[in-house]
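Me: Please pick out one part of this protein and take me through it closely. Then set that part against the rest of the chain.

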Amino acid sequence: MQTRKKSIHRIAISEFKAKCLALLEEVQKTKIPLRVTRRGKAIVDVIPVAPEADERDWLGSMSESIEITGDIISPVLEIDEIEALKN
C-alpha cells in the first residue's frame with residue numbers, strides 16, 4: 001500500500017496577512033501545510049499541530065526498561081591511571 005503525501009499549499013505573504021485567521025483554521029481542519037512566500041521564495045511553513053502525545057512523555061519513558069547492576073557513581077578508572085593527569 002502506497003501512502004500519498006499531502007501537497008503543501010503556497011501563498012504570498014500579502015494574501016496570508018489579509019486572510020491569516022481563515023488560513024490558520026483551514027490548515028487545522030485539512031491538516032495540509034501552508035507555505036508562505038515573499039517574492040516567490042519560501043519564508044515559513046505553517047503546519048498542523050501534531051496529535052496530542054500520550055500522558056507519558058519522554059521524561060521517564062525509559063523507566064523499567066533497563067537494569068542497573070554494579071556501582072554507577074564511582075569512576076571507571078582510578079585517578080592514578082589517567083595519563084593526562086600525570087606530571
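Reply:

**The surface patch, then the hairpin**

M62 is exposed, because its relative accessible area is 55% (exposed is over 50%, buried under 20%, partly exposed in between, with a 1.4 Å probe and protein chains only). This is a predicted model, so local features need pLDDT of at least 70 and side-chain atom pairs need 80 or more, while totals for chains, interfaces and linings use all residues. Numbering starts from 1 along each chain as its sequence is written, and side-chain values use heavy atoms, without hydrogens or water.

M62 sits in the segment after β3. M62 has company at the surface: with I66, I68, I72 and I73 it forms a nonpolar patch (residues over 30% relative accessible area, no salt bridge; nonpolar side chains joined within 5 Å, like charges within 9 Å). Together, the five residues have about 630 Å² of accessible area (Shrake-Rupley, 1.4 Å probe; for residues, only the protein chains shown count as cover).

Now the whole chain. The protein has 2 helices and 3 strands (DSSP runs numbered from the N terminus: H or I, at least four residues; E, at least two). From the N terminus, the order is β-α-α-β-β. Of the 87 residues, 10% are buried. The protein exposes about 8,600 Å², and carbon and sulfur atoms supply 56% of that area.

The close look goes to the hairpin. Strand β2 covers residues 34-38. Strand β3 covers residues 41-46. The two pair in the antiparallel sense over 5 bridges (pairing takes at least two DSSP bridges). Between β2 and β3 lie 2 residues, and the arrangement is a hairpin. R39 is in the turn, with a positive phi of about 55°.

T37 belongs to β2. It is buried, because its relative accessibility is 9%. Opposite T37, in β3, stands A42. Beyond its neighbours within four places in sequence, T37 contacts R10, I11, A12, I13, A42 and I43 (contact is heavy atoms within 4.5 Å).

R35 and D45 add a salt bridge, their closest N and O atoms being 2.6 Å apart (Lys or Arg side-chain nitrogen within 4 Å of an Asp or Glu carboxyl oxygen). This pair joins distant parts of the chain: R35 is in β2, D45 is in β3, and they are 10 residues apart. R35 counts as partly exposed because its relative accessible area is 24%. D45 is also partly exposed, at 36%.

The structure holds 2 salt bridges. Besides the hairpin pair, the side chains of K19 and E15 meet at 3.1 Å, N to O. K19 is partly exposed at 43% relative accessibility, and E15 is partly exposed at 34%.

Last, the core. The largest nonpolar core has 7 residues: I11, F16, L23, V27, L34, V36 and V46 (buried Ala, Val, Leu, Ile, Met, Phe, Trp, Tyr and Cys joined through side-chain atoms within 4.5 Å). Helix α2, residues 20-30, and strand β2 each supply at least two of them. I11 brings the core back to the hairpin. Leaving out residues up to four places away in sequence, I11 touches F16, L23, L34, R35, V36 and T37. Thus I11 reaches T37, the buried residue of β2 described above.

One figure covers the chain as a whole. Among contacts between residues at least 6 apart in sequence, 41% join residues at least 24 apart.
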